[in-house]
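This report introduces a structure to a reader who has not met it before. Please keep the sequence and the model at hand while reading.

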Amino acid sequence: MSTPAAALQRERIRYKILVVEDEADIRELLRYNLAQEGFAVEEAGDGAEALDRIARRVPDLLVLDLMLPQMSGLELCRRMRSNPDTTKLPILVVTAKGAEVDRILGLEMGADDYVVKPFSPREVVARVKALLRRANPANEPAAPGNYDRGRLKIDFSTYEVFVDGQPRELALREFELLRFFVQHPMRVYSREQLLDLVWGRDTFVEPRTVDVHVRRLRQQIERDDANPELILTVRSVGYRFNPEALG
Ligand code: CA
């Protein structure tokens, strides 16, 4: 009998990750740590080399440094998103501290997640795995109709929510918002997108309505709703759900 974990491990070996980074020592650090996890890792030192490799075979995920010679990571990211073959390619951006973080996460650029230099290799690996899980939901051994991670349990068929084993009373809209967040972890959504995706396109409500519901939801599921760690505010962009904080 093979366990889901073993199957996932086998599956993961087939995942190909392209690391695009001009600094050789950082590239090697990334390559080493990802290879240790069983990923097949390819490397590119600049945008042109990356495009060349991607044209030959689209990887399962891109780890992309923003500061590259000639073509910037930003430009490469845009090209990925405008090409139908790579429009859904998961992209983890690696960036210098403080640099354009809001824009990177932002919807215009289309990266899926980011880590700030200097990063811990463990964090990079964790983000890579999370992005691959999201992009390949068939590998997720979760039972359909339920969400069960750390201190949060959700039964989508009965609309029950438990935090640390305690039932929480959520209004329907908060429940739908929570369902959306847990099903779309890590990615940043603007208020307008959340209105479209959770409320529905035909609803005429103000974007700040989303803030009201996020606040109520935080009161129900965060340990300290003044310092949220699950539903994070991304300044001047919107919100993202961070399941890592569930433990
Ligand atoms: Ca660089």
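## The second largest pocket

Ten names need not be searched for by eye: the lining of the second largest pocket consists of Lys-88, Pro-90, Asp-112, Leu-131, Arg-134, Ala-135, Gln-183, His-184, Arg-187 and Tyr-189. The model in which this pocket is found is a predicted one. The space within the second largest pocket amounts to about 220 Å³. By character, its lining residues comprise 4 nonpolar, 2 polar and 4 charged.

Which helix gives the most to this lining? That helix is H6 (residues 121-135), with 3 residues. Where does the pocket lie with respect to domain 1 (4-138) and domain 2 (146-246)? Both domains give residues to the lining, so the second largest pocket lies between them.

## The calcium site

A calcium ion is coordinated by Glu-21 and Asp-22 through OE and OD respectively, by Asp-65 through OD, and by Met-67 through O, at 2.1 to 3.1 Å. Along the chain, the spacing of these donors reads E-D-x42-D-x1-M. Asp-22 belongs to the loop between strand E1 (16-20) and helix H2 (24-36), while Met-67 belongs to the loop between strand E3 (61-65) and helix H4 (73-82), so this pair ties together parts that are 45 residues apart in sequence.

Two other values describe the surroundings of the ion. The C-alpha atoms of Asp-22 and Asp-65 are 7.9 Å apart in space, although 43 residues separate the two in sequence. Are Asp-22 and Met-67 buried or exposed? Asp-22 has a relative accessibility of 32% and therefore counts as partly exposed, whereas Met-67, with a relative accessible area of 65%, is exposed.

## The largest nonpolar core

In soluble globular proteins, nonpolar side chains tend to be buried together. In this model, the largest nonpolar core has 28 residues. Those with the most contacts inside this core are Leu-152, Ile-154, Leu-178, Leu-194 and Phe-241.

Several elements each supply at least two residues of this core: strands E7 (152-155), E8 (160-163) and E12 (238-241), together with helices H7 (172-183), H8 (191-199) and H9 (208-221). Of these contributions, that of H7 is the most, at 6 residues.

## Backbone features in loops

Lys-117 and Pro-118 are joined by a cis peptide bond, with omega at about -5 degrees. Pro-118 is placed in the loop between strand E5 (113-117) and H6. H6 is also the helix that gives the most to the lining of the second largest pocket.

Positive phi values occur at two residues that are not glycine. One is Gln-70, with phi of about 55 degrees, in the loop between E3 and H4. Gln-70 has a relative accessibility of 74%, so it counts as exposed. Another is Asp-164, with phi of about 50 degrees, which is found in the loop between E8 and strand E9 (166-168).

## Arg-57 and Lys-16

Arg-57 lies in the loop between helix H3 (47-56) and E3. With a relative accessible area of 46%, Arg-57 is partly exposed. The C-alpha atom of Arg-57 is separated from that of Lys-16 by 9.6 Å, and the two residues are 41 residues apart along the chain.

Conventions. Residues numbered from 1 in each chain as written. Predicted model: local features only at pLDDT ≥ 70, side-chain atom pairs only at ≥ 80, totals over all residues. Heavy atoms only, no water. 1 Å grid on protein atoms, 1.4 Å probe; cavity = no way out; pocket = protein on both sides within 12 Å on 5 of 7 lines; lining within 4 Å. Points joined across faces, edges and corners; volume = space filled by probe spheres on them. Helix = DSSP H or I, 4+ residues; strand = E, 2+ residues; numbered from the N terminus. Nonpolar A, V, L, I, M, F, W, Y, C, P; charged D, E, K, R; others polar. Domains from an automatic or database assignment. Donors = N, O, S within 2.8 Å, 3.2 Å for Na, K, Ca; no water. Buried < 20%, exposed > 50% of the residue type's maximum accessible area, 1.4 Å probe, protein only. Core = buried A, V, L, I, M, F, W, Y, C linked by side-chain atoms within 4.5 Å.
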